[in-house]
Amino acid sequence: GGRVSLVGMAVAVTAAAIRNVDLTHSGDIRLSGHVLNARRRTSHGKLRLDKEGAGSVRKIDAAVALVLAYQARLDALASGKASAKQSQSYRPKRLY
């Protein structure tokens, strides 16, 4: 459905922002760990975040929250309800 494709686009935009150093964070070890645990997968032509395997105990909740929060920020900026504020933060290493 539409929601899955919106999430897939949000994953792609967030991954690009990380690669381009447009998205940084405070260096929180839990967020970094969840981002490192997350894998980008394509299913039925749709991009999504997933665990490394079905039985994995490695958490990715914070990585999913990062994607949703970043998309919400972009939506707020696009609507004019928020303004961009630059700050220096830690850059996550990767979002697979």
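**Figure 1. Packing of helix 2 in the predicted model.** The buried residues of helix 2 pack against three elements: strand 1 (39-43), strand 2 (46-50) and helix 3 (61-79). The structure shown, here and in the other views, is a predicted model. Helix 2 covers residues 29-37, and its buried residues are Leu31, Ser32, His34, Val35 and Asn37. Helix 2 is also where confidence in the protein is highest, with a mean pLDDT of 95. The lowest value belongs to helix 1, at a mean of 87.

**Figure 2. Surroundings of His34.** His34 is found in helix 2. Its relative accessible area is 18%, and because buried means under 20%, His34 counts as buried. What does the side chain of His34 reach at 2.9 Å? The partner is the backbone nitrogen of Ala62. Leaving aside neighbours within four places in sequence, the residues in contact with His34 are Lys59, Ile60, Asp61, Ala62 and Ala63. Ala62 therefore appears in this view both in the list of contacts and as the residue whose backbone nitrogen is reached by the His34 side chain.

**Figure 3. Salt bridges around Asp50.** Asp50 takes part in a salt bridge with Arg41, where the closest N and O atoms are 3.6 Å apart. A salt bridge also joins the side chains of Asp50 and Arg48, at 2.7 Å from N to O. Arg41, Arg48 and Asp50 thus belong to one network, joined by salt bridges that share partners. Each member of the network can be placed by its accessibility. Asp50 is partly exposed at 24% relative accessibility. Arg41 is partly exposed as well, at 28%, and Arg48 is partly exposed with a relative accessible area of 31%.

**Figure 4. The salt bridge between Asp28 and Arg30.** The structure holds four salt bridges, and one of them is formed by the side chains of Asp28 and Arg30, at 2.7 Å from N to O. Are the two partners buried or exposed? Asp28 counts as partly exposed, at 26% relative accessibility. Arg30 counts as exposed, at 60% relative accessibility. Arg30 lies within the residue range of helix 2, 29-37.

**Figure 5. Thr14 in helix 1.** Thr14 has its place in helix 1, which runs over residues 2-19. At 0% relative accessibility, Thr14 is buried. A polar atom of the Thr14 side chain lies 2.8 Å from the backbone oxygen of Ala10.

**Figure 6. A nonpolar patch on the surface.** Which residues form the nonpolar patch? They are Val7, Val64 and Leu68, which together have about 210 Å² of accessible area. Val7 lies in helix 1 and is partly exposed, with a relative accessible area of 32%. For the protein, the accessible surface comes to about 6,400 Å², and carbon and sulfur atoms account for 54% of that surface.

**Figure 7. Two loop residues with positive phi.** Val21 lies in the loop between helix 1 and helix 2. Its phi is near 60°, a positive value in a residue other than glycine. Val21 is partly exposed, with a relative accessible area of 45%. The other residue in this view, His44, lies in the loop between strand 1 and strand 2. His44 is not a glycine either, yet has a positive phi of about 55°. With a relative accessible area of 80%, His44 is exposed.

**Figure 8. The elements in the context of the protein.** Three helices and two strands make up the secondary structure of the protein. Along the sequence they follow the pattern α-α-β-β-α. Of the 96 residues, 25% are buried. Among contacts with a separation of 6 or more, 62% are between residues 24 or more positions apart. The mean pLDDT of the protein is 86, and 84% of the residues score at least 70. Where pLDDT is low, the predicted coordinates should not be read in detail.

Terms used:
Residues numbered from 1 in each chain as written. Heavy atoms only, no water. Buried < 20%, exposed > 50% of the residue type's maximum accessible area, 1.4 Å probe, protein only. Helix = DSSP H or I, 4+ residues; strand = E, 2+ residues; numbered from the N terminus. Contact = heavy atoms within 4.5 Å. Polar contact = N/O pair within 3.5 Å; in protein donor to acceptor, adjacent residues only side chain to side chain. Patch = residues over 30% accessible without salt bridge, like charges linked within 9 Å, V, L, I, M, F, W, Y side chains within 5 Å. Areas by Shrake-Rupley, 256 points an atom, 1.4 Å probe, with all protein chains shown as cover. pLDDT = per-residue confidence, 0-100.
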